[in-house]
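These are my notebook entries on a single structure. I set down what I looked up and what I found.

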Amino acid sequence: MAEHLASIFGTEKDRVNCPFYFKIGACRHGDRCSRLHNRPTISPTLLLSNMYQRPDMITPGVDAQGQTIDPRKIQEHFEDFYEDIFEELSKFGEIESLNVCDNLADHMIGNVYVQFKEEDQAASALQALQGRFYSGRPIIADFSPVTDFREATCRQFEENNCNRGGYCNFMHVKLIGRELRRKLFGRYRGYRVSRSRSRSSSPLRHRRDHDRRERDSRDRDYRGNGRSSKDRYDRHERDGSKRRYGSPKRSRSPVRDGSEERRARIEQWNREREERE
């Protein structure tokens, strides 16, 4: 029985604990929810509720006076906020991820999730934020159960086809530009821009990266051009209406010799090396 309860914990089959609170740290029913909201006493993730105030809060793309807002101005306003929050929170430790919801529902609008590398860093940040204000509004911060944003974000939104729009119950994460992300997260050693749904690197991925670097090194030696191709990672570009989560790609370099000539040269190099040894 215990194994069964553990296997369904935080899922729709769990009739005791709220799956939305477990996955997202927020529930549209709030304290009136019929299921339990198990608030963590410690977590690497903090939730700053309703903190980001978009300039088009009432109607998307329109300000409070009913005037249309240039989308570039909206993005600039958001990135100024994002950088400001990041710089302040990074004083308490290394930030693994900082996500801001683009949802419109009351329990999610403007929610900011910051995940630190260590739990004690999050605890220090939480203590420092108590009683503080931002833009004249009190900061409401608490530990969040969210540690895997793959389970919290909306898959349809990432593919630009969520039919629930801003009132979806899963996170619609608002994106920042590539340059700002590199500026903020690039300070951390070993940082790579990666897709939001996969924040942690797996051993298999490390192995693939190692193999790719070896292939690039061999290509430079065989071609003798001294140029290396660059891995490109980008989760923030959009191509038309579809987002691109760029997988590592090697830039194409001109092949100066045919495959037979390269194989013959390689065999010759191997024979010369064996003779020298």
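The entries below take up a helix, a strand pair with its loop, the cysteines and a contact between two helices.

**Entry 1: the model.** I note at the outset that the model is predicted.

**Entry 2: helix 4.** I began with helix 4, which spans residues 119-129. I asked which residues of helix 4 are buried. I found Gln121, Ala122, Ala125, Leu126 and Leu129. These residues lie on the same side of helix 4, because they cover an arc of only 135 degrees around the axis. I then looked at the other side of helix 4, where Asp120 and Gln127 are exposed. Next I asked what the buried residues of helix 4 pack against. Their partners are two strands at 45-48 and 141-143, which are strand 1 and strand 6, together with strand 3 and helix 3 (71-89). Past the end of helix 4 I recorded Gly131, which follows the helix and has a positive phi, near 80 degrees.

**Entry 3: Gln121.** I singled out Gln121 from the buried residues of helix 4. Its relative accessible area is 17%, so I enter Gln121 as buried, the cut-off being under 20%. I looked up where its side chain goes: it reaches the backbone nitrogen of Glu118 at 3.2 Å. With neighbours within four places in sequence left aside, I listed Phe92, Gly93, Glu94 and Phe116 as the residues in contact with Gln121.

**Entry 4: strands 2 and 3.** I turned to strand 2 and asked how many of its residues are buried. Five of its six residues are buried, and I noted strand 2 as mostly covered. Strand 2 pairs with strand 3 in the antiparallel sense, over five bridges. I looked up the bridge partner of Asn99 and found Tyr113, in strand 3.

**Entry 5: Cys101.** The loop between strand 2 (95-100) and strand 3 (112-116) holds Cys101. I asked whether Cys101 is buried or exposed. Cys101 has a relative accessibility of 2% and therefore counts as buried. I checked its separation from Asn111: the two are 10 residues apart in sequence, and their C-alpha atoms are 5.4 Å apart in space. Not counting residues up to four places away in sequence, Cys101 touches Met108, Gly110, Asn111, Tyr113, Met171 and His172. Tyr113, the bridge partner of Asn99, is thus one of the residues that Cys101 touches.

**Entry 6: disulfides.** I asked how many disulfides the structure holds. The count is zero. I then asked why Cys27 forms no bond with the closest cysteine sulfur. That sulfur belongs to Cys18 and is 3.9 Å from the sulfur of Cys27, which is too far for a bond, because a disulfide requires the two sulfur atoms to be within 2.5 Å. Cys162 is likewise in no disulfide, and its nearest cysteine sulfur, that of Cys154, is 3.8 Å away. I also looked up how covered these two residues are. Cys27 counts as buried at 10% relative accessibility, and Cys162 is buried with a relative accessible area of 18%.

**Entry 7: Lys183 and Glu83.** I closed with Lys183, found in helix 7 (residues 178-185). I asked which side chain makes a polar contact with the side chain of Lys183. The partner is the side chain of Glu83, at 2.6 Å. I recorded that Lys183 and Glu83 are 100 residues apart along the chain, while 9.5 Å separates their C-alpha atoms.

How values were computed: Residues numbered from 1 in each chain as written. Predicted model: local features only at pLDDT ≥ 70, side-chain atom pairs only at ≥ 80, totals over all residues. Heavy atoms only, no water. Helix = DSSP H or I, 4+ residues; strand = E, 2+ residues; numbered from the N terminus. Buried < 20%, exposed > 50% of the residue type's maximum accessible area, 1.4 Å probe, protein only. Polar contact = N/O pair within 3.5 Å; in protein donor to acceptor, adjacent residues only side chain to side chain. Contact = heavy atoms within 4.5 Å. Arc of directions from axis to C-beta. Pairing = 2+ DSSP bridges.
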